[in-house]
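Student: I am new to this structure and would like a close look at a single part, the sheet. Please also cover what lies against it and the pocket beside those parts.

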Amino acid sequence: METITITRYNGTPAHRTLTLCPCRRTDIDALLSLQAEICAGLVDPALFFPTSRQDFNRYFTQKEQLWCLWDHDALAACAILLYPGTDEENYGHFLGVPAAELPLWGNLDTIFVSAAYRGNGLQQTLISLCEKQRRPETVGFGCTVAPNNLPSLNNFLTMGYSVHSQLPMYGGLDRFLLYKRFPVNTAPPFGR
């Protein structure tokens, strides 16, 4: 487990240490609760499309990569990295990735941060973590961001992602489709 020190909590200066670790199936209730907290605080509910309990269960069954940042017993943030292969949910389809290359692409599906912990660069920290922990054969990630979610959009652009297109997704919600290609064979061995 890795620790991350933050300097802001609830918008005020604070020194706190968060613990980064893989999420477990037993964390699903905390994940759903944090998503509900985030959704309740949104002025525009189209900014965030929450993951369902069913999908969380599926991700754990398929051994996808889910990372949690904990402040003792409080969940501060989560990142979900999926490898959908040739399934239609692979963002590579929308990016025009050749069919033979689809299994080499990951979906940086969701990153969500509790409002109390925002302003500490945690989204960029989790993006970087997912990139470092990607499968060695991964050649790129796709992700989506609501066009008016400027903090998230700017974080992805800062991390080297490019906007590919704007299209309706998740039942008609407007989204930018972003991507980032990686040099081949630059990922560390999986699990580090």
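Tutor: What follows goes through the sheet strand by strand, then the helices, the pocket and one ring pair. The model is predicted.

Start with the order of the strands. The sheet is open and has eight strands, arranged as E1-E2-E3-E4-E5-E6-E8-E7, and the pairing is mixed. At the edges stand strand E1, residues 2–9, and strand E7, residues 162–169; each has a single partner strand, so one side of each is left without a neighbour in the sheet. On average, neighbouring strands are turned by 25° against each other, direction ignored.

Now take the edge at E1. Strands E1 and E2 are antiparallel and pair over seven bridges. Within this pairing, threonine 3 is found opposite threonine 19 of E2. E1 and E2 form a hairpin with two residues between the strands, and asparagine 10 there has a positive phi near 55°.

At the other edge, E7 is joined to strand E8, residues 173–181, by seven bridges, and the two run antiparallel. Serine 165 has leucine 177 in E8 as its bridge partner, while glutamine 166 stands opposite phenylalanine 176 in E8. This pair is a hairpin too, with three residues between the strands, and tyrosine 170 takes a positive phi near 50° in it.

Next come the helices. Helix H1, residues 28–40, packs on the sheet and touches strand E3 (65–71), strand E4 (74–82) and strand E5 (105–113). The direction of H1 makes about 100° with that of E4. Helix H4, residues 122–132, lies across E1, strand E2 (12–22), E3, E4, E5, strand E6 (140–145) and E8. Relative to E5, H4 runs at about 155°.

Some of these elements also line a pocket. The largest pocket has a volume of about 970 Å³. It is lined by 42 residues, and the closest to its centre are Leu47, Phe48, Asp109, Thr110 and Ile111. Two or more lining residues come from each of helix H2 (53–61), E5, H4, E6 and helix H5 (150–158). E5 gives the most to this lining, namely seven residues. By type, the lining of the largest pocket divides into 23 nonpolar, 12 polar and seven charged residues.

Phe48 also takes part in a ring pair. The count of aromatic pairs comes to six. One of them joins phenylalanine 48 and phenylalanine 112 edge-to-face, with 5.8 Å centre to centre and 65° between the planes. Phenylalanine 48 is in the loop between H1 and H2, whereas phenylalanine 112 is in strand E5, so the pair ties together parts that are 64 residues apart in sequence.

Definitions and conventions. Residues are numbered from 1 along each chain as its sequence is written. This is a predicted model: local features need pLDDT of at least 70, side-chain atom pairs count only at pLDDT 80 or more; totals for chains, interfaces and linings use all residues. Side-chain values use heavy atoms; hydrogens and water are left out. Two strands pair if DSSP finds at least two bridges between them. Helices (H or I, at least four residues) and strands (E, at least two) are DSSP runs, numbered from the N terminus. Axes are lines fitted to C-alpha atoms, for helices over the stretch in contact, and angles run from 0 to 180 degrees between N-to-C directions. Contact means heavy atoms within 4.5 Å. On a 1 Å grid over the protein atoms alone, a cavity is a set of points where a 1.4 Å probe fits but cannot get out, and a pocket is an open set with protein on both sides within 12 Å along at least five of seven lines; lining residues have an atom within 4 Å of a point. Grid points are joined across faces, edges and corners, and a volume is the space filled by probe spheres set on the points. Ala, Val, Leu, Ile, Met, Phe, Trp, Tyr, Cys and Pro count as nonpolar, Asp, Glu, Lys and Arg as charged, and the others, Gly among them, as polar. Rings of Phe, Tyr and Trp (its six-membered ring) pair if their centres lie within 6.5 Å; planes under 30 degrees apart count as stacked, over 60 as edge-to-face and the rest as tilted.
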